[in-house]
Amino acid sequence: MEWDYVVVGGGSAGCVVASELATDGDRRVVMLEHGDPAEAHPETLVADGYKAAFVNDHLLHERFSVPQPGLGGRRVYLGSGRGLGGSGSVNAMVYTRGAREDYAAWPAGWHWDDVAPDFERLEATLRVRPRPPTAFMETCIAAAEQVGFRRKADLNDGDLAGVLGYEAMNYEGEARRSSYVAFVKDRALPNLQVVTAAPARRVLLENGRAVGVEVVRGGRSERFMAKRGVVLAAGALETPKLLMLSGLGPAAELRAVGIEPVLDVPGVGQNLHDHPNVTLFFLGGQTTDCAYPQVYGFHRVGEGARLAPDQSDACFVFYPARSSFREGMMRMLPAMALPPSLHGGGPLPGLMRRGIAAAFDRHAVQRLVARLYGIVVILGKPLSRGQLRLTSADPTVPAALDPAYFADPRDMDSMVAGVARARALAGAPPLHGWGNREVIPGPFGQGRAGTERFIRQNGMTTYHYAGTCRMGDRDDDPVTPRLAFRGIAGLTVADASVIPETPVSALNAPSMLIGLRAARFMREDATP
């Protein structure tokens, strides 16, 4: 069957671009999603369901990095959302635009004043709002104000220089308002068809043009043909893989795995970067009274002239352990303790999770967790850059993922400084009065050497992968500022893979922004 547009990926960006293209009533759009319908997993549709979603293997791509020298040679779990809504259906619903200075590093046409009206359009549909204040979160804010942070009511006005406050979240009552809910489910556009359980194998190319997509459904190959264009919105770890499987990427690397190059594009798969984080845990003297990490702070911890003088390069999140610590351990402990070969549906991860769940069901553990809180230190402006490479021409074989955490030593310097700032936050009088006994890393993670050891042993992803199909004006940028893939007509890239330099904030809102603008660019370029 032939469509006007074929969109690959039903995640945060894909749902927006597919819906926006389908608002033109004479255009027929199909969106192809690797995973399941959201309705098959009801936890993706409720605000509090993110905890259950995080331990549902149907909802996450099970991926691991190559060994990371910057993290003591560990392989790091690099999951991301799978199923309608993508990562936006399993995350904690934080909606952050980023800082004005972040967008100054993006191409012309993508600076703050260019994108702010588009963010406003998204927010009108998503209806984002902060959660109500709580006594614990107010205590955290008071502590931060005493160590150099400035309280702000609006963290989406472009000013993130030394500020903190309640983050906006995309929820309404007890419901999650992901891009799937807001742009696809609520709109119910008759000319948009959604196809799930359809992993893409390759983009179909003819005479330098993208003409369709080949997927596997029910064990059989199926083709979806596109009259006007193909949009790749599968995410920063899947979109470059699909491009390379289609013969679009570094020619020598493609030939090495048996793929004949269609176009030599060395930049595909390069510039991979992410926000690494580490969490310090403290034991309070009373129970925390919130079920979400809802207060975020942004500050400058690194040195150097790369950024504007007051531009924040780190994010600090106050995390009540009662919100999702149990589920976090159920997901992450097997990932850290078992080799990747034992994951992917094997019995050991399930056995470990059941044991962890049983331990958390004990009353004494529940009382402890209720008083436990963390300060998450997130490196928001990393200098390190890695890459993604194919290891096989078989689409089912995982790519080699190297985020190169702390490959640039300045990133470790900034992270150590961030940990020191977190300890200053916890040591401020308001949190001292609440209770602030440091339990992780505790006495073994003190001083420069101890802190660095703690970071290398415990650093992990924040699931903010970006940059693998960088957009820009240079010939070696795989994607143009209008999100067209260079050298192939009718092919658009519309997800976090195009981000040239990540904002200091989470990427869910910027990903939806990219989807919204991609649809507009495509409609404009299709107009005679």
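The exercises below, each with a worked solution, concern a predicted model.

**Exercise 1. A sheet of three strands**

Task: Find the order of the strands in the open sheet of three strands, and explain why one side of β17 and of β23 is left without a neighbour in the sheet.

Solution: Begin with the order, which is β17-β22-β23, and note that the pairing is antiparallel. Next, look at the edges, where β17 (270-272) and β23 (400-402) stand; each has a single partner strand, so one side of each is left without a neighbour in the sheet. As for the directions of the strands, neighbouring ones in this sheet are turned against each other by 35° on average, with direction ignored. Then follow the pairing of β17 with β22 (residues 386-389), which is antiparallel and runs over two bridges. Within this part of the sheet, Gln270 stands opposite Gln387, a residue of β22.

**Exercise 2. The surroundings of Arg306**

Task: Decide whether Arg306 is buried, partly exposed or exposed, and find which residues it contacts beyond its neighbours within four places in sequence.

Solution: First place the residue in the chain, where Arg306 lies in the loop between β19 (295-299) and β20 (314-320). Its relative accessibility is 41%, and because buried means under 20% and exposed means over 50%, Arg306 counts as partly exposed. Once the neighbours within four places in sequence are left aside, the contacts of Arg306 are Lys381, Leu383 and Glu501. Finally, compare sequence with space: Val317 is 11 residues from Arg306 in sequence, while the C-alpha atoms of the two are 24 Å apart.

**Exercise 3. A pocket and a cavity**

Task: Describe the lining of the second largest pocket, and then that of the largest cavity.

Solution: Rolling a probe the size of a water molecule over the atoms shows where empty space is left. Start with the second largest pocket, which holds about 280 Å³ of space. It is lined by 17 residues, and those closest to its centre are Arg228, Gly490, Thr492, Met522 and Asp525. At least two lining residues come from each of β14 (220-232), β26 (491-493) and α15 (508-526), and the largest share, five residues, is supplied by α15. Sorted by class, this lining has 10 nonpolar, three polar and four charged residues.

Turn now to the cavity: a search of the whole structure finds one of 30 Å³ or more, and the volume of the largest cavity is about 30 Å³. Its lining includes His273, Pro276, Tyr405 and Asp411, and by class it has six nonpolar, two polar and two charged residues.

Terms used: Residues numbered from 1 in each chain as written. Predicted model: local features only at pLDDT ≥ 70, side-chain atom pairs only at ≥ 80, totals over all residues. Heavy atoms only, no water. Pairing = 2+ DSSP bridges. Helix = DSSP H or I, 4+ residues; strand = E, 2+ residues; numbered from the N terminus. Axes fitted to C-alpha atoms, helices over the stretch in contact; angles between N-to-C directions. 1 Å grid on protein atoms, 1.4 Å probe; cavity = no way out; pocket = protein on both sides within 12 Å on 5 of 7 lines; lining within 4 Å. Points joined across faces, edges and corners; volume = space filled by probe spheres on them. Nonpolar A, V, L, I, M, F, W, Y, C, P; charged D, E, K, R; others polar. Buried < 20%, exposed > 50% of the residue type's maximum accessible area, 1.4 Å probe, protein only. Contact = heavy atoms within 4.5 Å.
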